[in-house]
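Could you walk me through this structure in my viewer, one selection at a time? I'd like to know what to click on next and what I'll find there.

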Amino acid sequence: MMMDDEEAITNFKKLVNMTPKNPDAWLETEESKKVGFKEDGKGESVGHKSGQKIVKLLAKKVDDYTAADLKHVHKVAAYIRRHLAQKPDGDTTETNWRYSLMNWGHDPKKP
């Protein structure tokens, strides 16, 4: 079932719980850079690239979103929901699972 743009934006705003400053600083850490799927097996991960787009989206007004922005909003909301459903047991504070979500703008440790 595809979400419409309005629903995707609502989910994006609800699920992305880091402010633009948070993911920007986070993306500079070694933990951020080491996790995630790398299309070529090396270099920057898909999630890390996504995080950079998310920082720009958070700084924009929704009315200024382009078609490409809206496509990414849909992708981010779907990824975070899917990844949250795969939560491992135990303390997730220092796990690749949490670090990957943080690359996508969601810190599961934030209330």
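**Stop one: a hidden leucine**

Start by selecting Leu101, which counts as buried because its relative accessibility is 0%, where buried means under 20%. Leu101 sits in helix H6. Keep in mind as you click around that this is a predicted model. Now add Gly51 to the selection and draw a distance between the two C-alpha atoms: Leu101 and Gly51 are 50 residues apart along the chain, and their C-alpha atoms are separated by 9.6 Å.

**Stop two: the nonpolar core**

Next, pick out Phe12, Val16, Tyr65, Val73, Val76, Ile80 and Trp104, and show their side chains. These are the residues with the most contacts inside the largest nonpolar core, which has 19 residues. Which helices each supply at least two residues of this core? Colour H1 (5-15), H4, H5 and H6 (96-103), and you have them. The top contributor is H5, which gives six residues to the core. As background, nonpolar side chains in soluble globular proteins tend to be buried together.

While H4 is still coloured, click on Leu57, which lies in that helix. Is Leu57 buried or exposed? Leu57 counts as buried, since its relative accessibility is 3% and the limit for buried is under 20%. From Leu57, measure across to Glu39: the pair is 18 residues apart in sequence and 23 Å apart in space, C-alpha to C-alpha.

**Stop three: two charged patches**

Time to switch on the surface. Select Lys49, Lys53, Lys71 and Lys75, and you'll see a patch of positive charge on the surface. Helix H4 (46-59) and helix H5 (67-84) are the elements that give two or more residues to this positive patch. Zoom in on Lys71, whose place is in helix H5. Lys71 counts as exposed because its relative accessible area is 66%, and exposed means over 50%.

For the opposite charge, select Asp4, Asp5, Glu6 and Glu7. These residues gather in a patch of negative charge on the surface. Glu6 is a good one to click, and its place is in helix H1. With a relative accessible area of 64%, Glu6 is exposed.

**Stop four: the salt bridges**

Turn the surface off again and show side chains as sticks. How many salt bridges does a search of the whole structure find? The search finds three. Side chains of opposite charge can pair when their charged atoms come close.

Begin with Asp69 and Lys60, whose side chains meet in a salt bridge at 2.4 Å, N to O. Look at how the two partners sit: Asp69 counts as buried at 14% relative accessibility, while Lys60 is partly exposed, with a relative accessible area of 34%.

Move on to Asp107 and Arg98. Their side chains also meet in a salt bridge, and here the N to O distance is 2.9 Å. Are these two residues buried or exposed? Both Asp107 and Arg98 are buried.

Now select Asp91 and Lys109, where the closest N and O atoms of the salt bridge are 3.5 Å apart. This pair links distant parts of the chain: Asp91 is in the loop between H5 and H6, Lys109 is in the segment after H6, and the two are 18 residues apart. Asp91 is exposed, with a relative accessible area of 58%. Lys109, on the other hand, is partly exposed at 42%.

Stay on Lys109 for one extra click and bring Arg98 back into the selection. Lys109 and Arg98 are eleven residues apart in sequence and 8.3 Å apart in space, C-alpha to C-alpha.

**Last stop: a lysine in a loop**

Finish by selecting Lys42, which you'll find in the loop between helix H3 (30-34) and H4. Where does Lys42 fall, buried or exposed? Lys42 counts as exposed because its relative accessible area is 58%, and the cut-off for exposed is over 50%. For a final measurement, draw a line from Lys42 to Asp91, the residue you met at the previous stop. Lys42 and Asp91 are 49 residues apart in sequence, and their C-alpha atoms are 28 Å apart in space.

Technical notes:
Residues numbered from 1 in each chain as written. Predicted model: local features only at pLDDT ≥ 70, side-chain atom pairs only at ≥ 80, totals over all residues. Heavy atoms only, no water. Patch = residues over 30% accessible without salt bridge, like charges linked within 9 Å, V, L, I, M, F, W, Y side chains within 5 Å. Areas by Shrake-Rupley, 256 points an atom, 1.4 Å probe, with all protein chains shown as cover. Salt bridge = Lys/Arg side-chain N within 4 Å of Asp/Glu carboxyl O. Lys, Arg positive; Asp, Glu negative; His and termini not counted. Charge placed at Lys NZ, Arg CZ, Asp CG, Glu CD. Helix = DSSP H or I, 4+ residues; strand = E, 2+ residues; numbered from the N terminus. Buried < 20%, exposed > 50% of the residue type's maximum accessible area, 1.4 Å probe, protein only. Core = buried A, V, L, I, M, F, W, Y, C linked by side-chain atoms within 4.5 Å.
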